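Reader: I would like a close look at a single part of this model, namely the surroundings of the bound ligand. Please take me through the contacts there with some care, and then go on to whatever else can be said.

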Amino acid sequence: MNGSAVWHPFTQHAVEPAMPAIARTDGAYLETHDGRRILDAISSWWVVTHAHRHPRIMDAIRSATETLDQVIFAGLTHEPAEQLASALVAMAPAGLDWVFYSDSGSTSVEVALKMALGFHRNNGLPRSRIVVMEHSYHGDTIGTMSVGARGVFNAAYEPLLFEVDTIAFPAAGREQETLDAFERLTRGREAAALIVEPLVLGAGGMLMYPASVLTELKRIAERSETLFIADEVMTGWGRTGAMFACEQAAIAPDILCTSKGLTGGSLPLAATLATDAIFCAHYSRNRARTFFHSSSYTANPIACAAALANVGIWNDEPVAERVAALSRMQAEKVARFSQDARFENARTTGTIAALDLRVGKAGYLAEVGPRLRAFFLERGLLVRPLGNVIYVLPPYCVTSHELDRLYEAIDEAAELAGDKK
Ligand code: PMP
């Protein structure tokens, strides 16, 4: 866009081609002003679950605006937030009885980290080390970058990032090493918490690991009273096949972060769910033990109404069946690449499919990334590879035929791997 004053996220403007302007969204599609339809194969950064502009969510937003806009959430409350909190507690893994609202995935993780440190401090045990998993991503604020993988994304900010203890990604056949490393780190009882993306590490390259690892990590955490934080910002709301990925490991974390699909992908909202023990550690007549966190837009009523409509959709519509059907389709369709020498690691977890294009230089800055993105966009497909990792993470309304178009394009795109820079 000529004359634009917008500085876009994760965008190198010096090399970015002209950006299409989106005038309309509909189902699995984005539409440009001249009516070009682009299939949103990444759910607009993993937020859209059912479809763009699900009618029930749009109606809920419209009707909420008849009575409410923003209301300060310290000292006051409102129905949409109260109802949503009750619904979230009922849906979440057992024992997560308290809901703290914020407005993005990153803030929900910041809140989780602060809750963990507050818990130990208020209990008279100043444990402050955080254990993280290699290749993790938890957001782009200083705190969330600190607990995420270090690399080109955060090299400039490294001096401000706090130290963490890192356990290896539990790659196939090496799961025990990860568990042993965690066990060693918890022996001194200095770790305040472990934070993980359950089952799928998203921005780290759609890396997948089995639920059994999660179950074991939780067991080790419990033994050493290390809090277990599940960052379900990406994995929640059906993405991995279950409502929350933790369910597949039959675990209940001490703290769970949710955002993205919370409003069906319509409005920014996040929640950090915590156990009663964590709430109680902050509950006191001593005001110094207050949980000191707020954002201006905490529990925005319109966003809460959108999230309530989303919960209603999960309750009344056959969403679980849709998710199961999509998961089956993804597994079937990506399987065609499992023996294809141009690719490796064709994989799925629930509705998420990924595969790595074999290239000379892998990694996020692999030159092939932007070329792939342009190739797909020319074909009306929004695919945003993480370097050489191509993934398909679509809204649940996507059809088998649309997925076929996508995988056909992925097949053709493999030709881009070998050549020039
Ligand atoms: N955690 C995870 C696992 C994520 O995938 C993301 C976003 N991709 C975040 C946290 C940060 O969320 P947000 O961009 O809404 O701040």
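Author: In this predicted model, a nitrogen atom of the ligand is placed 2.6 Å from an N or O atom in the side chain of Asp231. Oxygen atoms of the ligand also have partners: a polar side-chain atom of Ser106 lies 2.7 Å from one ligand oxygen atom, and a backbone N or O atom of Gly105 is found 2.9 Å from a ligand oxygen atom. Of the 390 Å² that the ligand exposes when taken alone, the protein buries 82%. The residues around the ligand include, besides Gly105, Ser106 and Asp231, also Trp46, Ser104, Tyr137, His138, Gly139, Glu197, Val233, Met234 and Lys260, and this shell divides into 4 nonpolar, 5 polar and 3 charged residues.

Asp231 also leads to the neighbouring part of the chain, since strand 10 spans 227-231. Between helix 7 and strand 10 there is a loop, in which Ser224 is found; Ser224 counts as buried because its relative accessibility is 4%, under the 20% limit. Helix 7 itself covers residues 211-223, and its 13 residues reach 19 Å from the first C-alpha to the last, close to the expected 18 Å. Buried in helix 7 are Val213, Leu214, Leu217, Lys218, Ile220 and Ala221; they lie on the same side of the helix because they cover an arc of only 165 degrees around its axis. Such a pattern fits the general rule that an α-helix has 3.6 residues a turn, so residues three or four places apart point the same way.

Technical notes
Residues numbered from 1 in each chain as written. Predicted model: local features only at pLDDT ≥ 70, side-chain atom pairs only at ≥ 80, totals over all residues. Heavy atoms only, no water. Near = heavy atom within 4 Å. Polar contact = N/O pair within 3.5 Å; in protein donor to acceptor, adjacent residues only side chain to side chain. Areas by Shrake-Rupley, 256 points an atom, 1.4 Å probe, with all protein chains shown as cover. Nonpolar A, V, L, I, M, F, W, Y, C, P; charged D, E, K, R; others polar. Helix = DSSP H or I, 4+ residues; strand = E, 2+ residues; numbered from the N terminus. Expected span 1.5 Å × (residues − 1). Buried < 20%, exposed > 50% of the residue type's maximum accessible area, 1.4 Å probe, protein only. Arc of directions from axis to C-beta.
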